[in-house]
Amino acid sequence: MPTSIRLAPETERRLDFLASQTGRTKAFYLREIIERGLGEMEDYYLAADVLERLRRGEERVYSSAELRDALSLDD
């Protein structure tokens, strides 16, 4: 999927330098950055969403006793 982004001049300069020094394309590094960073972003933003729902009382909270019982950990 072709995508266009605008980079800050300093970021573009760094990306150009990295690509020229390693012989890889800028597209290679952009894909790597996105693929590695996407997991971190998902973890952060999805967790923040759950936290907000918890604060609004929209998520159920289980006690450790309820969890142990549900998982039959005390048997």
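Reader: How many salt bridges does a search of the whole structure find?
Author: The model is a predicted one. Side chains of opposite charge can pair when their charged atoms come close. A search for such pairs over the whole structure gives a count of ten salt bridges.

Reader: Which residue meets Arg53 in a salt bridge at 2.4 Å, N to O?
Author: The partner lies in helix H2 (residues 26–55), as does Arg53. The two are four residues apart, about one turn of the helix. The side chain that meets Arg53 at 2.4 Å, N to O, is that of Asp49.

Reader: Are Arg53 and Asp49 buried, partly exposed or exposed?
Author: Buried means under 20% relative accessible area and exposed means over 50%, with partly exposed in between. Arg53 has 22% relative accessibility, so Arg53 falls in the middle class. Asp49 has 36%, so Asp49 also counts as partly exposed.

Reader: How far apart are the closest N and O atoms of Glu59 and Arg53?
Author: Arg53 also takes part in a salt bridge with Asp49. Glu59 is partly exposed, with a relative accessible area of 30%. In the salt bridge of Glu59 with Arg53, the closest N and O atoms are separated by 2.7 Å.

Reader: Which residue forms a salt bridge with Glu58?
Author: Glu58 counts as partly exposed at 48% relative accessibility. Its partner counts as partly exposed too, at 47%. The closest N and O atoms of the pair are 2.9 Å apart, and the partner is Arg56.

Reader: Which residues do salt bridges that share partners join into one network?
Author: A salt bridge pairs a side-chain nitrogen of Lys or Arg with a carboxyl oxygen of Asp or Glu, within 4 Å. Shared partners link such bridges into one network, made of Glu12, Asp16 and Lys26.

Reader: What is the volume of the largest pocket?
Author: Rolling a probe the size of a water molecule over the atoms shows where empty space is left. The lining of the largest pocket includes Met1, Thr3, Ile5 and Leu7, along with Ala27, Leu30, Arg31, Ile34 and Glu35. The volume of this pocket is about 280 Å³.

Reader: How do the residues of that lining divide into nonpolar, polar and charged?
Author: Arg31 and Glu35 are in the lining, and Arg and Glu count as charged. Thr3 is also in the lining, and Thr is not among the residue types listed as nonpolar or charged, so it counts as polar. The division is six nonpolar, one polar and two charged.

Reader: What is the area of the nonpolar surface patch that includes Tyr45?
Author: Tyr45 lies in helix H2 and is exposed, with a relative accessible area of 51%. The patch is made by Tyr45 with Ile34, Leu38, Met41 and Tyr44. Its area is about 570 Å².

Reader: What is the phi of Ser72?
Author: Most residues other than glycine have a negative phi. Ser72 is found in the segment after helix H3 (64–70) and is partly exposed, with a relative accessible area of 43%. Its phi is positive, near 50°.

Reader: How far apart in space are Leu71 and Tyr29, C-alpha to C-alpha?
Author: Leu71 is found in the segment after H3 and counts as exposed at 51% relative accessibility. Leu71 and Tyr29 are 42 residues apart in sequence. In space, their C-alpha atoms are separated by 44 Å.

Definitions and conventions:
Residues numbered from 1 in each chain as written. Predicted model: local features only at pLDDT ≥ 70, side-chain atom pairs only at ≥ 80, totals over all residues. Heavy atoms only, no water. 1 Å grid on protein atoms, 1.4 Å probe; cavity = no way out; pocket = protein on both sides within 12 Å on 5 of 7 lines; lining within 4 Å. Points joined across faces, edges and corners; volume = space filled by probe spheres on them. Buried < 20%, exposed > 50% of the residue type's maximum accessible area, 1.4 Å probe, protein only. Patch = residues over 30% accessible without salt bridge, like charges linked within 9 Å, V, L, I, M, F, W, Y side chains within 5 Å. Areas by Shrake-Rupley, 256 points an atom, 1.4 Å probe, with all protein chains shown as cover.
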